[in-house]
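Before we discuss this chain further, here are my notes for your bench work, set out as numbered points. Please read them with the sequence and the model open beside you.

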Amino acid sequence: MIKKQQYIIMKGTKDGLTLNLDDQCRFDELLQELEEKLAVTVPEDEEYSLVTVNIHVGNRYLTNEEQETLKNIIRKKNKLVVQEIYSNVISKQEAEELLKAKQIVSVTKMIRSGQVLEVEGDLLLVGDVNPGGIVQATGNIYIIGALRGIAHAGMTGKRDKKIVAGQMRPTQLRIADLVSRAPDYSTIEMRESECAFIDEETGQIVIDRIQTLQNFSIN
(Lines give C-alpha, C1' and ligand atoms only; values in the text may rest on other atoms or scores of the structure.)
Protein backbone atom coordinates (compact mmCIF):
# COMPACT_ATOMS: atom_id res chain seq x y z
CA MET A 1 0.00 0.00 0.00
CA ILE A 2 1.44 3.35 -1.05
CA LYS A 3 1.69 5.77 1.85
CA LYS A 4 0.02 9.12 1.18
CA GLN A 5 2.46 12.04 1.02
CA GLN A 6 2.13 14.49 3.88
CA TYR A 7 1.98 18.16 2.96
CA ILE A 8 1.61 19.55 6.48
CA ILE A 9 3.89 19.09 9.47
CA MET A 10 2.24 20.03 12.73
CA LYS A 11 4.33 20.76 15.84
CA GLY A 12 3.26 21.74 19.33
CA THR A 13 5.49 24.18 21.17
CA LYS A 14 5.34 26.12 24.44
CA ASP A 15 4.11 29.09 22.41
CA GLY A 16 1.30 27.19 20.70
CA LEU A 17 0.94 25.25 17.47
CA THR A 18 3.19 25.56 14.40
CA LEU A 19 2.08 24.41 10.96
CA ASN A 20 4.70 23.95 8.24
CA LEU A 21 2.97 23.78 4.85
CA ASP A 22 4.49 22.26 1.72
CA ASP A 23 5.07 24.95 -0.91
CA GLN A 24 5.06 22.65 -3.96
CA CYS A 25 1.66 20.97 -3.83
CA ARG A 26 -1.67 22.41 -4.96
CA PHE A 27 -3.44 24.75 -2.55
CA ASP A 28 -6.60 22.63 -2.49
CA GLU A 29 -4.52 19.63 -1.40
CA LEU A 30 -3.22 21.65 1.55
CA LEU A 31 -6.71 22.63 2.58
CA GLN A 32 -7.96 19.05 2.45
CA GLU A 33 -5.07 17.75 4.56
CA LEU A 34 -5.43 20.60 7.02
CA GLU A 35 -9.09 19.73 7.59
CA GLU A 36 -8.15 16.08 8.15
CA LYS A 37 -5.27 16.78 10.53
CA LEU A 38 -7.20 19.23 12.66
CA ALA A 39 -10.08 16.79 12.92
CA VAL A 40 -7.91 14.10 14.54
CA THR A 41 -5.25 16.08 16.44
CA VAL A 42 -7.09 18.98 18.08
CA PRO A 43 -9.40 17.96 20.96
CA GLU A 44 -12.76 19.66 21.51
CA ASP A 45 -12.24 19.71 25.28
CA GLU A 46 -13.66 22.84 26.87
CA GLU A 47 -10.93 22.75 29.52
CA TYR A 48 -8.27 23.64 26.96
CA SER A 49 -7.25 27.30 26.87
CA LEU A 50 -6.79 29.27 23.64
CA VAL A 51 -3.97 27.97 21.46
CA THR A 52 -2.14 30.30 19.07
CA VAL A 53 -1.27 28.96 15.62
CA ASN A 54 1.67 30.11 13.48
CA ILE A 55 1.63 29.06 9.84
CA HIS A 56 4.79 28.78 7.71
CA VAL A 57 4.13 28.52 3.96
CA GLY A 58 7.74 28.62 2.69
CA ASN A 59 8.16 29.82 -0.90
CA ARG A 60 4.43 29.98 -1.56
CA TYR A 61 2.68 33.32 -2.12
CA LEU A 62 -0.80 33.49 -0.65
CA THR A 63 -3.38 36.03 -1.72
CA ASN A 64 -5.45 37.74 0.97
CA GLU A 65 -8.35 35.47 0.02
CA GLU A 66 -6.22 32.32 0.40
CA GLN A 67 -4.95 33.52 3.77
CA GLU A 68 -8.52 34.04 4.96
CA THR A 69 -9.46 30.56 3.76
CA LEU A 70 -6.67 29.05 5.86
CA LYS A 71 -7.64 31.11 8.87
CA ASN A 72 -11.32 30.17 8.57
CA ILE A 73 -10.53 26.44 8.54
CA ILE A 74 -8.47 26.83 11.72
CA ARG A 75 -11.02 29.11 13.39
CA LYS A 76 -13.66 26.41 13.04
CA LYS A 77 -11.79 24.44 15.69
CA ASN A 78 -12.59 25.65 19.19
CA LYS A 79 -9.69 27.31 21.05
CA LEU A 80 -7.47 27.83 17.95
CA VAL A 81 -6.40 31.37 17.03
CA VAL A 82 -4.15 32.22 14.05
CA GLN A 83 -1.36 34.49 15.22
CA GLU A 84 0.75 34.89 12.07
CA ILE A 85 1.25 33.54 8.55
CA TYR A 86 4.91 33.54 7.48
CA SER A 87 5.98 33.45 3.83
CA ASN A 88 9.33 33.83 2.09
CA VAL A 89 7.54 35.52 -0.80
CA ILE A 90 6.16 39.06 -0.87
CA SER A 91 4.06 40.91 -3.42
CA LYS A 92 5.44 43.54 -5.80
CA GLN A 93 3.63 46.23 -3.80
CA GLU A 94 5.17 45.02 -0.53
CA ALA A 95 8.62 44.95 -2.14
CA GLU A 96 8.20 48.51 -3.40
CA GLU A 97 7.09 49.67 0.06
CA LEU A 98 10.18 48.07 1.61
CA LEU A 99 12.43 49.81 -0.91
CA LYS A 100 10.80 53.15 -0.14
CA ALA A 101 11.30 52.58 3.59
CA LYS A 102 15.01 51.86 3.05
CA GLN A 103 15.80 54.62 0.56
CA ILE A 104 17.50 57.91 1.37
CA VAL A 105 15.83 60.91 -0.25
CA SER A 106 18.32 63.73 -0.83
CA VAL A 107 16.93 67.27 -1.06
CA THR A 108 18.89 70.50 -1.47
CA LYS A 109 16.82 73.52 -0.53
CA MET A 110 15.83 75.84 2.32
CA ILE A 111 12.55 75.05 4.05
CA ARG A 112 10.91 78.37 4.78
CA SER A 113 8.08 79.27 7.15
CA GLY A 114 4.84 77.60 6.05
CA GLN A 115 6.59 75.01 3.85
CA VAL A 116 6.32 71.26 4.54
CA LEU A 117 8.74 68.66 3.17
CA GLU A 118 7.58 65.05 3.60
CA VAL A 119 9.35 61.90 2.32
CA GLU A 120 9.15 58.11 2.58
CA GLY A 121 12.35 56.59 3.93
CA ASP A 122 15.27 58.60 5.30
CA LEU A 123 15.60 62.31 4.53
CA LEU A 124 18.95 63.94 3.82
CA LEU A 125 18.36 67.69 3.66
CA VAL A 126 21.17 69.95 2.51
CA GLY A 127 19.91 73.30 3.72
CA ASP A 128 18.21 74.97 6.68
CA VAL A 129 14.76 74.53 8.19
CA ASN A 130 13.58 77.99 9.22
CA PRO A 131 11.10 78.67 12.06
CA GLY A 132 7.63 77.71 10.82
CA GLY A 133 9.07 75.16 8.37
CA ILE A 134 8.39 71.43 8.78
CA VAL A 135 10.33 68.35 7.63
CA GLN A 136 8.81 64.89 8.00
CA ALA A 137 10.07 61.38 7.16
CA THR A 138 9.01 57.81 7.80
CA GLY A 139 12.68 57.09 8.55
CA ASN A 140 15.57 59.11 9.97
CA ILE A 141 16.19 62.80 9.28
CA TYR A 142 19.66 64.17 8.55
CA ILE A 143 20.01 67.93 8.12
CA ILE A 144 23.26 69.41 6.84
CA GLY A 145 22.36 72.86 8.04
CA ALA A 146 20.35 74.43 10.84
CA LEU A 147 17.11 73.01 12.21
CA ARG A 148 15.07 75.91 13.57
CA GLY A 149 11.62 74.63 12.66
CA ILE A 150 9.83 71.33 13.25
CA ALA A 151 11.24 67.87 12.45
CA HIS A 152 9.22 64.64 12.64
CA ALA A 153 11.06 61.33 12.17
CA GLY A 154 9.47 57.87 12.24
CA MET A 155 6.11 59.25 11.10
CA THR A 156 4.58 55.77 10.81
CA GLY A 157 5.30 54.99 14.46
CA LYS A 158 8.87 53.68 14.49
CA ARG A 159 10.47 54.86 17.72
CA ASP A 160 14.04 53.86 16.78
CA LYS A 161 14.43 56.73 14.29
CA LYS A 162 16.83 59.64 14.81
CA ILE A 163 17.03 63.33 13.94
CA VAL A 164 20.47 64.78 13.19
CA ALA A 165 21.27 68.42 12.46
CA GLY A 166 24.36 70.55 11.96
CA GLN A 167 22.74 73.11 14.25
CA MET A 168 19.96 71.79 16.50
CA ARG A 169 17.67 74.67 17.44
CA PRO A 170 14.18 73.28 16.70
CA THR A 171 10.89 74.77 17.76
CA GLN A 172 9.66 71.19 18.13
CA LEU A 173 10.95 67.63 17.69
CA ARG A 174 8.76 64.62 17.00
CA ILE A 175 9.79 60.97 16.84
CA ALA A 176 6.97 58.50 16.18
CA ASP A 177 4.18 59.55 18.57
CA LEU A 178 6.40 61.48 20.99
CA VAL A 179 6.70 65.27 20.96
CA SER A 180 9.46 67.34 22.57
CA ARG A 181 9.24 71.08 23.08
CA ALA A 182 12.29 73.23 22.41
CA PRO A 183 14.61 73.46 25.44
CA ASP A 184 16.01 76.68 26.84
CA TYR A 185 19.03 77.04 24.57
CA SER A 186 20.48 79.86 26.64
CA THR A 187 21.51 77.27 29.23
CA ILE A 188 22.80 74.70 26.73
CA GLU A 189 26.33 74.47 25.43
CA MET A 190 26.52 75.23 21.69
CA ARG A 191 27.71 72.24 19.69
CA GLU A 192 28.33 71.91 15.98
CA SER A 193 26.22 68.80 15.35
CA GLU A 194 23.69 67.01 17.52
CA CYS A 195 21.22 64.16 17.33
CA ALA A 196 17.83 63.56 18.88
CA PHE A 197 16.48 60.12 19.79
CA ILE A 198 14.13 58.39 22.22
CA ASP A 199 15.89 57.33 25.41
CA GLU A 200 14.86 53.75 26.25
CA GLU A 201 15.05 54.31 30.00
CA THR A 202 12.99 57.50 30.25
CA GLY A 203 10.86 57.05 27.13
CA GLN A 204 11.50 60.70 26.27
CA ILE A 205 13.19 62.48 23.36
CA VAL A 206 16.70 63.63 24.27
CA ILE A 207 19.32 65.67 22.41
CA ASP A 208 22.96 64.65 22.62
CA ARG A 209 26.28 64.93 20.82
CA ILE A 210 26.36 63.42 17.34
CA GLN A 211 29.00 60.95 18.54
CA THR A 212 26.18 59.21 20.43
CA LEU A 213 25.01 57.75 17.11
CA GLN A 214 27.83 55.20 17.19
CA ASN A 215 25.96 53.52 20.05
CA PHE A 216 23.01 52.80 17.77
CA SER A 217 22.42 50.76 14.66
CA ILE A 218 20.79 53.13 12.18
CA ASN A 219 17.92 51.30 10.47
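**Notes on the sheets, the pocket and the cysteines**

1. A165 has E194 as its bridge partner in β14. The model in which this pairing appears is a predicted one, and the pairing belongs to a set of three bridges that join strand β11 (residues 163–168) to strand β14 (residues 194–198), the two strands running antiparallel. Within these strands, V164 stands opposite C195 in β14.

2. Where do β11 and β14 sit in their sheet? They belong to an open sheet of six strands, ordered β5-β7-β9-β11-β14-β15, in which the pairing is mixed. The edges are taken by β5 (104–108) and β15 (205–209), and because each of them has a single partner strand, one side of each is left without a neighbour in the sheet. Neighbouring strands of this sheet are turned against each other by 25° on average, with direction ignored.

3. Strand β9 deserves a paragraph of its own, as it pairs with β7 and also with β11. Strand β7 (residues 122–126) pairs with β9 in the parallel sense over four bridges, and in this pairing L124 stands opposite Y142 in β9. The pairing of β9 with β11 is likewise in the parallel sense, over five bridges; here I141 has I163 as its bridge partner in β11, while A146 has Q167 as its partner in β11.

4. Is strand β9 enclosed or open to its surroundings? Five of the seven residues of β9 (residues 141–147) are buried, so this strand is largely enclosed by the rest of the structure. When you look at the side chains along a strand such as this, it may help to keep a general point in mind. In a regular strand the side chains alternate between the two faces of the sheet.

5. A further open sheet should be read separately: it has five strands in the order β6-β8-β10-β12-β13, and its pairing is mixed. Its edges are β6 (116–119) and β13 (178–181), each of which has a single partner strand, so one side of each is left without a neighbour in the sheet. Neighbouring strands in this sheet are turned by 10° against each other on average, direction again being ignored. Inside the sheet, four bridges join strand β10 (residues 150–153) to strand β12 (residues 172–175), and these two strands run parallel; A153 stands opposite I175 in β12.

6. What lines the largest pocket? The pocket has a volume of about 310 Å³, and 15 residues line it, of which L62, Q67, I85, S87 and E94 lie nearest its centre. The elements that give two or more residues to this lining are α2 (64–75) and β4 (80–86), and the largest share, four residues, comes from β4. By residue type, the lining divides into six nonpolar, six polar and three charged residues.

7. Two cysteines are worth a remark for anyone planning to read the chain for sulfur chemistry. C25, at 10% relative accessibility, counts as buried because that value falls under the 20% cut-off. C195, which stands opposite V164 of β11, is also buried, with a relative accessible area of 0%. The count of disulfides in the model comes to zero, taking as a disulfide a pair of cysteine sulfur atoms within 2.5 Å.

Note on methods:
Residues numbered from 1 in each chain as written. Predicted model: local features only at pLDDT ≥ 70, side-chain atom pairs only at ≥ 80, totals over all residues. Heavy atoms only, no water. Pairing = 2+ DSSP bridges. Axes fitted to C-alpha atoms, helices over the stretch in contact; angles between N-to-C directions. 1 Å grid on protein atoms, 1.4 Å probe; cavity = no way out; pocket = protein on both sides within 12 Å on 5 of 7 lines; lining within 4 Å. Points joined across faces, edges and corners; volume = space filled by probe spheres on them. Nonpolar A, V, L, I, M, F, W, Y, C, P; charged D, E, K, R; others polar. Buried < 20%, exposed > 50% of the residue type's maximum accessible area, 1.4 Å probe, protein only.
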